[in-house]
Every structure is written in C-alpha cells, then in structure tokens.
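Hello,

Here is the structure I promised to pass on to you. Have a look first, and then read on for what turned up in it.

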Amino acid sequence: MEVSIREIAEKMKEFDNFCIIYHIRPDGDCIGSSFALALALQSMGKKCTVEGQDEVPHIHRYMTDRVKLDTVSNPTYIAVDSATPERVGKYSDKHFTFCIDHHQNTIENFDYRYVEEKCGACSEIIFKIIREMGVTVTKQMAELLYTAIVTDTLSFRTNDTTAQTFQVASELAKTGIDVFRIGRLNTYIKSAGRMKIESILNDSFHFMCNNKIATGIITLKDLETAGVLDSEIEGINSYVEQFESVCIGVTIRELPDGKMRCSTRTNGIYSADEICRIHGGGGHFNAANCILDMSPEEAREVMEKTCLEYFESKNKAASEN
C-alpha cells in the first residue's frame, strides 16, 4: 500500500521492535538514514537494530559506532533506500512492513511504502518522518542525516537536489553539527589507497564519440593492488563526471560474485536511468546502475554500444524537433 508521510509515521507507532535494513555496498545516504531513524524510534521507547549484508564503511563508523542498537527478536522490517530485492542482499526473503525510498524501482514484498522520486537523498524523507512522529531531531541524528545528504547529492550538485534538500540541510545545521567537517570528510579527504584506485580507474578509461562517452573499469585485482576495500571507494562512480566533454560516463566495477556493476553518470541532459533500464537496472535521471553477468571487457563493449545508440537516438530526436 502506498501511504503518505503522515500515515507511515503513524503506522510505525503501532509496532515496538524494528530491524532496519540498508542496501548492499552501503553509502552515506542509506547508512545515515537508517541509523538516524533507529535513534528516532528508540527515543520513542521502541527497540531497534540496523543491519545490512555489508559492513558499515569505515568513513562512517565514527558516527554509527556511537549508536547503541538493541537485540531484537521477531522484528518489524524496514527497508531504507533500497530500490530492488537485490539491493537488500541476503535479506531479500524477508517481508518488509515498511519501504522508504527515493528511487523509481522499489521492492514489492512490503505492506506500507512511501517513495519520493524527486528527492536528492533518502535522508530528506527520513527527516520528515521523524518530525511527523513528533520526535525532536537531535544533533546526533542531524549529523547522520546531513552526511547522507552531502554524500548522495555530491555536495548539493545532483539534478535532483531541490529546495527541499536545502531546507532540510538548513534545519539540520541549526542543531549545531559541524558542517565543515562533514563536508570536508566526505568530499576532499582521500586515503593513499583511494588515490591509487582513482589513478588506476583514470588509466582504464576509453573515450568515444568525440569524448562524449567514457567507460572505465575497476576489477577486484585493482582493489587489491590499491590496498582498498570496495566499501572505501564510495563516490568513485562520479569520478567520470570530472571530464569536461563527457555527457555519459560508465564505471564498471567487478563484484565478488564475478558480475559487473555498471554505474552510469550523465551531464543532466541524458538519462542514466533510461540507459540502465535497458539492462534491467535503473536509478535517478543522472545516476543509475545495472548488473551484467560477463567479463569486464565484455561489459564495457555492451555498455559502450548501449550508450552510443542511446546518445545518437536522443540527438536525432532532438534535431527533428
């Protein structure tokens, strides 16, 4: 059932034990949103824990390690920022009472769902739910939610960053959080391993169509060479956006199961979501992904062909109008 913010907030009050599930390969948005919601539910006297298939990335542990989670039996499951059953990983067989998201594709195994597609970060929705439940957003919650916004909007520059995004960020800043530290930590600070993997990615790029389309590859061996974990390279899929001429960029990342995650970024004119839907994926207008079960080079060939055909068809249609 599709419900409103008010309805989902009221429904949550009816349950006492919760398990919030964040998506595989977690980023700042799903982590910040999940742990902030957990704190809000706990403040209401509920028991709550937060789980995911993959560990919380090291960069966010300074926040999440301070959240004292509960031991919960027979919990009510909440899926946060998880677009598909595959995104919740090993929890895909669970029945989710609540699904809260800002992606176009969402899991189907739910009772109550609230999706706000034109939303820069899922944490904007969580902020509104917390307020609707009558809970005061504490400094600790705000730190988590602001981190979520900064990471998912790439510091307020994605095309789904709206007036609401800035309004929520403003309210969070009023709690006294260190916006400078959060912004710097999630935008500028990089480990030696992160710098190394970016160099490897940079050297792997192929450019097509007068440098309008670019594809790069990161393999598991590359991660080993750089000495970094997959969870330590959050945001690297946007590296391709730094090239001035690129309209469509794809970063192909080898997953532990041998499949390839093709993360697509665009310049805001072309739809990454439409491109990835061709291969069963999806996401946002300028940021989406799909999974291909093939080698890195085969995935590059497929995505280059897909992007080129899409690029040419859109340009042709535009010239005819």
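To begin with a question: how many bridges join strand β8 (residues 248-254) to β9? There are seven of them, and the two strands run antiparallel. Please keep in mind throughout that this is a predicted model.

Since we are at β9, let me stay there for a moment. In the hairpin of β8 and β9, five residues lie between the strands, and Gly258 takes a positive phi near 90° there. If you want a pair to find your way by, Arg253 has Arg261 in β9 as its bridge partner. Strand β9 is also joined to strand β11 (residues 287-292), by six bridges, and these two run antiparallel. There, Cys262 has Cys290 of β11 as its bridge partner.

Is β9 buried or exposed? Seven of the seven residues of this strand (residues 260-266) are buried, so it is largely enclosed by the rest of the structure. Both faces are covered. On one side are Met260, Cys262, Thr264 and Thr266, on the other Arg261, Ser263 and Arg265, and all are buried. You may want to look at the arginines, as Arg261 and Arg265 are among these buried residues.

Now to another part of the chain. Five strands form an open sheet with parallel pairing, in the order β2-β1-β3-β4-β5. Its edge strands, each pairing on one side only, are β2 (47-51) and β5 (110-115). From one strand to the next, the twist averages 20°. Within this sheet, β3 (residues 76-80) and β4 (residues 96-101) run parallel and are joined by four bridges; Val80 has Ile100 in β4 as its bridge partner.

Two helices are worth viewing against the sheet. Helix α1 (residues 5-12) lies across β1 (17-21), β3, β4 and β5, and runs at about 145° to β4. Helix α4 (residues 122-132) lies across β3, β4 and β5, at about 120° to β4.

Helix α4 is mostly covered, with eight of its eleven residues buried. These are Cys122, Ser123, Glu124, Ile125, Ile126, Phe127, Ile129 and Ile130. After α4 comes Gly134, which has a positive phi, near 85°.

One residue of β4 deserves a closer look: Phe96 sits in that strand. With a relative accessibility of 2%, against a cut-off of under 20%, Phe96 counts as buried. How far apart are the C-alpha atoms of Phe96 and Ile129? They are separated by 17 Å, with the two residues 33 apart along the chain.

Finally, the packing. The largest nonpolar core has 51 residues, and those touching the most other members are Met12, Leu37, Ile78, Ile100 and Leu172. Helix α2 (residues 28-43) gives the most to this core, with nine residues. Ile100, the bridge partner of Val80, is thus one you will meet twice. As for Leu172, leaving aside neighbours within four places in sequence, its contacts are Phe127, Val137, Ala142, Leu145, Tyr146, Ile149 and Ile177. Phe127 is one of the buried residues of α4. A second, separate core has 20 residues, including Cys247, Met260, Ala272 and Cys276. Met260 belongs to the buried residues of β9 as well.

Happy browsing, and all the best!

Terms used
Residues numbered from 1 in each chain as written. Predicted model: local features only at pLDDT ≥ 70, side-chain atom pairs only at ≥ 80, totals over all residues. Heavy atoms only, no water. Pairing = 2+ DSSP bridges. Axes fitted to C-alpha atoms, helices over the stretch in contact; angles between N-to-C directions. Contact = heavy atoms within 4.5 Å. Buried < 20%, exposed > 50% of the residue type's maximum accessible area, 1.4 Å probe, protein only. Core = buried A, V, L, I, M, F, W, Y, C linked by side-chain atoms within 4.5 Å.
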